[in-house]
Amino acid sequence: MSTAPADHGVDRRAFLARTATLAAASAVGAAVGLPAVASAADVGRTSPPAGRYNPALNVPSAYVTPRPEAVADPTELTVAEAAWLIRAGKLTPEKLVEAYLARIATYDLTYQAFNLVLADTAVKAARALAKKPHRGALHGIPLAIKDNYYTAGVPTTANSYLFADFRPPFDATAVARLVDGGGAIVLGKTQMGPLATTRATTPSGVVTTVNAWTPTNVRTDPGGSSTGTATAVAGRLAASGTGTQTGGSITAPSNAQNLTGLKPTMGRVSLHGIIPLSYTRDHPGPLARDAKDAAIMLTAMAGADPADPRTQGLPEVPKLIDAASPTYQGGRLKLRWKTRIGVLPGFTAGTSETALARQAYLAKLAAIPGATVVDVPLPDEWDLLTGTAFNNVRLPERSEPFLPYLRTDLRGFGVSVTGWLQGALLGGNEFITGQRAKLLLMERVLDQLFDSCDVVVQTSPVPFDILGLPEIAFPIGFTADGVPIGTILGGLPYGEDRLLSVTAAYQAVTDWHRRRPANPPATPAARGTAPASLRLTAEEVAHLSQ
């Protein structure tokens, strides 16, 4: 018998109170608790006790018997499949790492997913793990780490001028939990939008990373700012990876590249050791190939951290890996928990490829026993409360930790400087009004939207990013040109288990998530000059910034 999700009727009011506290904290400068911007300030600091063995990664449901085609090519394996083979002694971590490094050597000059590959370190780690006790589903699994996560002694640049020479002395809490607590292996650091803003570019705006599904067309949006991680996982250069989301930076690249990306509830994963963008909106999370892999990754990353007050006092992390395991009764698939899936007005309207994919997706969900698709209204004043004016109150949170740089040398921000200046110049009255609007939006979402549903479709990640509510992105089809079409589901506070259960059931009756892009051309142009030197202007960056 499955354990029911937490009673979110209790959590709603508690989460609203936490949101108000975070808003107040950000207004009085609590951002000083964020990881220091200057490397000199980090000298002598040590990592918190975040890397202890996590027994939740060694549950039976974390291991999946691999498909024959995946056994033939280890880079095709999901994390859960690779974990099955490694535990059974049929695949070594070293062989798996070597398979990914071979693809990186062959194709990453085209993809430009990584800005740093730790080949020697990864091989040494894999050999060492072969001699250690099995630690669970991430034991020996090669990961791609977004380059705003601290990695001890390894450059952490956030693709920016400001951090070009920064080598942190400790791992981010999330990295420590993946590596020390889970036994994962860091393959390298991935390209990203400078300081987590746009799609991956150089600090001067030159586009680097392409969409793995259209590697010869640089103009196809690969999603940002966790672009490199998405391209690495989609292009089979890593088994899974990490991203951060402030305004769609996990869900957008996941949708663009046929992945399953999970943005957890604010505070579910520690932000300690991650270069900040917004104190109340930054969310670390995984980009993976399916719901099970996303659950394995989040299980490793999540939990309270004494170094991050946003993680304190939260409900216990649920059994995410079990939640992401399809449930059957009498041989027939059913939802693990009866779930009302809310559909916003206009979600399926029209005859576009996206609209048709959405219609088919909802029909497929509705056919699964336990699922009820219901129409839900938009909360009062939705367009106003989620519009640009109120969304821009995030900008002072972005600028505050970087004020010393804004006062001395604007060139350090490269082409994205406009957004940082906007944040520094926004008035205090506007900021406070925006925080009040955020609390009003939260009340209306909890009381008006979730009164009639348990999860809700999203047409934009921004409202739930503002509120810190969890979201999951996953594929539902392709365009006629072979570009992925994805969707997003949003959930109640701490309701990642419910989101995973719905996604896992949908993926049990579809195969979109199992499709992989063709290999890119074998003779790419040199890194730094390809592809075609597309450059984003300052105006474009200001418009696209997360």
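Right after helix 3 comes Gly89, a residue with a positive phi, near 75°. Helices here are DSSP runs of H or I with at least four residues, strands are E runs of at least two, and both are numbered from the N terminus. This is a predicted model, so local features need pLDDT of at least 70 and side-chain atom pairs count only at pLDDT 80 or more, while totals for chains, interfaces and linings use all residues. Residues are numbered from 1 along each chain as its sequence is written, and side-chain values use heavy atoms, with hydrogens and water left out.

Helix 3 itself (residues 79-87) is largely enclosed by the rest of the structure, because seven of its nine residues are buried. Buried means under 20% relative accessible area, exposed means over 50%, and partly exposed is in between (1.4 Å probe, protein chains only). The buried residues are Val79, Ala80, Glu81, Ala82, Ala83, Leu85 and Ile86. Their cover includes helix 2 (68-72), helix 4 (93-111), strand 4 (240-245) and helix 9 (291-301).

What about Asn211, buried or exposed? With just 1% relative accessibility, Asn211 counts as buried, even though its place is in a loop, the one between strand 3 (185-190) and helix 7 (227-234). A polar atom of the Asn211 side chain lies 2.9 Å from the backbone nitrogen of Trp213, and a polar atom of that side chain lies 3.2 Å from the backbone oxygen of Asp221. Leaving aside residues up to four places away in sequence, Asn211 touches Thr220, Asp221, Pro222, Ala256 and Gln257, where contact means heavy atoms within 4.5 Å.

Next up is strand 11 (residues 455-458), where Val455 and Val457 point one way, Val456 and Gln458 point the other, and all are buried. In a regular strand, side chains alternate between the two faces of the sheet. Strand 11 runs parallel to strand 9 (residues 339-343), joined by two bridges, and antiparallel to strand 13 (residues 484-491), joined by four. Strands pair if DSSP finds at least two bridges between them. Val455 takes part on both sides: Val455 is the bridge partner of Ile341 and stands opposite Gly491 in strand 13.

Leu425 is another story. This residue of helix 16 (residues 417-425) is exposed, with a relative accessible area of 72%. Together with Leu410 and Leu421, Leu425 makes a nonpolar surface patch of about 280 Å².

Definitions and conventions. Patches are made of residues with over 30% relative accessible area and no salt bridge: like charges are joined within 9 Å, nonpolar side chains (Val, Leu, Ile, Met, Phe, Trp, Tyr) within 5 Å. Accessible areas come from the Shrake-Rupley method with a 1.4 Å probe; for residues, only the protein chains shown count as cover. A salt bridge is a side-chain nitrogen of Lys or Arg within 4 Å of a carboxyl oxygen of Asp or Glu. A polar contact is a pair of N or O atoms within 3.5 Å; within protein, one must be able to donate a hydrogen and the other to accept it, and residues adjacent in sequence count only if both atoms are side-chain atoms.
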